[in-house]
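Here is a short, friendly briefing to read alongside the model. Keep the sequence and the 3D view open as you go.

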Amino acid sequence: MIKKHNFSAGPCILPQEVFQKSAEAILDFNGIGLSLLEISHRSKDFVPVMDEARAIVKRLMKLGDDYEVFYVGGGASLQFLMAPFNLMKAENGKAAYLDTGTWAAGAIKEAKKIGTVDVVGSSKEDNYSFIPKDYKVGSEYDYFHCTSNNTIFGTQMKSFPEVDTLMVCDMSSDIFSRVIDFTQFDVIYAGAQKNMGPAGVTMVVVKKSILGNTGRDIPSYLDYAQHISKESMFNTPPVFPVYATLLTLQHLENNGGIEAAEVKNEAKAKLLYDEIDRNPLFECFCAKEDRSNMNASFKLLDDSKKEEFDNAWKAAGINGLNGHRSLGGYRASMYNALPIESVQVLVDVMKNIK
């Protein structure tokens with residue numbers, strides 16, 4: 001079977017060695033004669049997996065002992081609720097949110113169920129085609145929430161604001177893709193199914209000192225402190241996604257870390273965006289300064305060429321190029337594991353459409 005060039009937005013491409021080792025673990029985990037899927041999550045074989053999966057995040061992010069990492073189910077969508085439960089004060093709680101896309105809007109919707117939400121910046125009226133920048137976040141807020149990368153509309157925050165409160169970031173679709181000072185954030189969360197692993201687990205990073213200050217009675221499963229104290233074992237964790245995430249992060253660490261990934265991601269993005277800018281048949285949906293290195297959303301300007309283009313990229317072995325149903329057009333997701341050779345195949349197809 002010929003391997004496809006996988007531009008899917010998520011679940012998405014992962015390193016080939018992760019697929020290989022994960023498959024082996026399902027059949028026989030570490031030579032113990034049992035599958036990873038059938039051993040106890042508290043066994044001497046799996047506990048080290050969870051411990052290292054948490055520790056490697058702090059190494060990659062260069063975080064100290066004042067931060068904790070845990071894994072939990074429910075996707076990033078559950079964090080839309082967990083973050084305000086853990087950070088918004090029970091009385092007169094108020095948070096600031098930046099509205100930059102569909103998932104940011106989802107986070108705003110859930111937070112409004114817990115307390116007051118002020119949307120301090122939004123590009124909704126312009127179909128989320130840019131990242132708002134002229135906004136201030138003062139100390140009157142319990143926290144500020146932003147989404148670092150917007151998979152649907154192809155925008156990415158290139159820098160983060162200085163705020164006079166806690167900062168929470170949903171990094172689901174560009175986590176570990178570029179060098180960032182992660183210490184500027186108090187909470188980071190990310191669904192695994194982009195740069196980290198398969199769907200089914202979410203990683204949460206929390207600065208410990210911010211917890212327990214809301215005066216709120218938090219349901220046990222929604223309480224960050226519970227998951228931290230139980231070392232991601234409050235209930236049975238999704239063992240396979242955690243293991244595959246560990247393998248992916250080990251692959252990242254062994255291949256130059258975030259620094260090396262950023263260099264490769266910049267090269268891939270430049271290759272594709274240069275062709276979009278050069279080729280009069282194509283155009284990005286978003287402002288040039290806010291283009292995402294992870295998700296390039298673009299459109300074909302001549303509808304009469306659509307059938308030819310679609311047939312060509314499919315014949316070239318490209319998968320997952322269709323744009324999100326809410327936006328249309330095309331979307332090339334270029335996560336860490338996508339080789340630049342796949343981007344070159346797409347660019348060659350685009351060049352051959354006349």
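The notes below go through the sheet, the helices, the cysteines and a few backbone details.

This is a predicted model. Its open sheet has seven strands with mixed pairing, and helix α4 lies across several strands, β3 among them. Elsewhere, helices α2 and α6 cross with their axes within 9 Å, and the structure holds zero disulfides.

**The sheet**

- Start with the strand order, which reads β2-β10-β9-β8-β5-β3-β4.
- The edges are formed by β2 (67-72) and β4 (116-122), each of which pairs on one side only.
- From one strand to the next, the twist averages 15°.
- Within the sheet, β5 (residues 143-147) and β8 (residues 166-170) pair in the parallel sense over five bridges.
- If you would like a specific pair to look at, try Y143, whose bridge partner in β8 is L166.

**A helix across the sheet**

- Which strands does helix α4 lie across? Helix α4 (residues 102-111) lies across β3 (94-99), β4, β5 and β9 (187-191).
- Relative to β3, helix α4 runs at about 160°.

**The α2 and α6 crossing**

- Helix α2 covers residues 47-61 and helix α6 covers residues 239-254, and their axes cross at roughly 40°.
- The crossing of these two helices is left-handed.
- On the α2 side, the residues that meet α6 are V49, M50, E52, A53, I56, V57, R59 and L60.
- On the α6 side, the residues that meet α2 are V242, Y243, L246, L249, Q250, L252 and E253.
- By class, this contact has eleven nonpolar, one polar and three charged residues.

**H41, in the loop before α2**

- Is H41 buried or exposed? H41 counts as buried because its relative accessibility is 15%, below the 20% cut-off.
- H41 sits in the loop between α1 (16-27) and α2.
- Leaving aside residues up to four places away in sequence, H41 touches F46, V47, M233, T236, P237 and V239.

**Cysteines without a bond**

- A disulfide is a covalent bond between the sulfur atoms of two cysteines. The structure holds zero of them.
- Why is C146 not bonded to C169? The closest cysteine sulfur to that of C146 is in C169, at 3.8 Å, so it is too far for a bond; the cut-off is 2.5 Å.
- C146 is buried, with a relative accessible area of 0%.
- For C286, the closest cysteine sulfur is in C284, and the 5.6 Å between the sulfurs is likewise too far for a bond.
- C286 is also buried, with a relative accessible area of 11%.

**Backbone details to check**

- Most residues other than glycine have a negative phi, and most peptide bonds are trans.
- The peptide bond from G10 to P11 is cis, with omega near 0°, and P11 lies in the loop between β1 (5-6) and α1.
- F176 is not a glycine, yet has a positive phi of about 65°.
- This phenylalanine, F176, lies in the loop between β8 and β9 and is buried, with a relative accessible area of 1%.
- S232 is not a glycine either, and has a positive phi of about 70°.
- The loop between α5 (224-229) and α6 is where S232 is found, and S232 is buried, with a relative accessible area of 2%.

Conventions: Residues numbered from 1 in each chain as written. Predicted model: local features only at pLDDT ≥ 70, side-chain atom pairs only at ≥ 80, totals over all residues. Heavy atoms only, no water. Axes fitted to C-alpha atoms, helices over the stretch in contact; angles between N-to-C directions. Helix = DSSP H or I, 4+ residues; strand = E, 2+ residues; numbered from the N terminus. Left-handed = near helix turned anticlockwise from the far one by under 90°. Contact = heavy atoms within 4.5 Å. Nonpolar A, V, L, I, M, F, W, Y, C, P; charged D, E, K, R; others polar. Buried < 20%, exposed > 50% of the residue type's maximum accessible area, 1.4 Å probe, protein only. Pairing = 2+ DSSP bridges.
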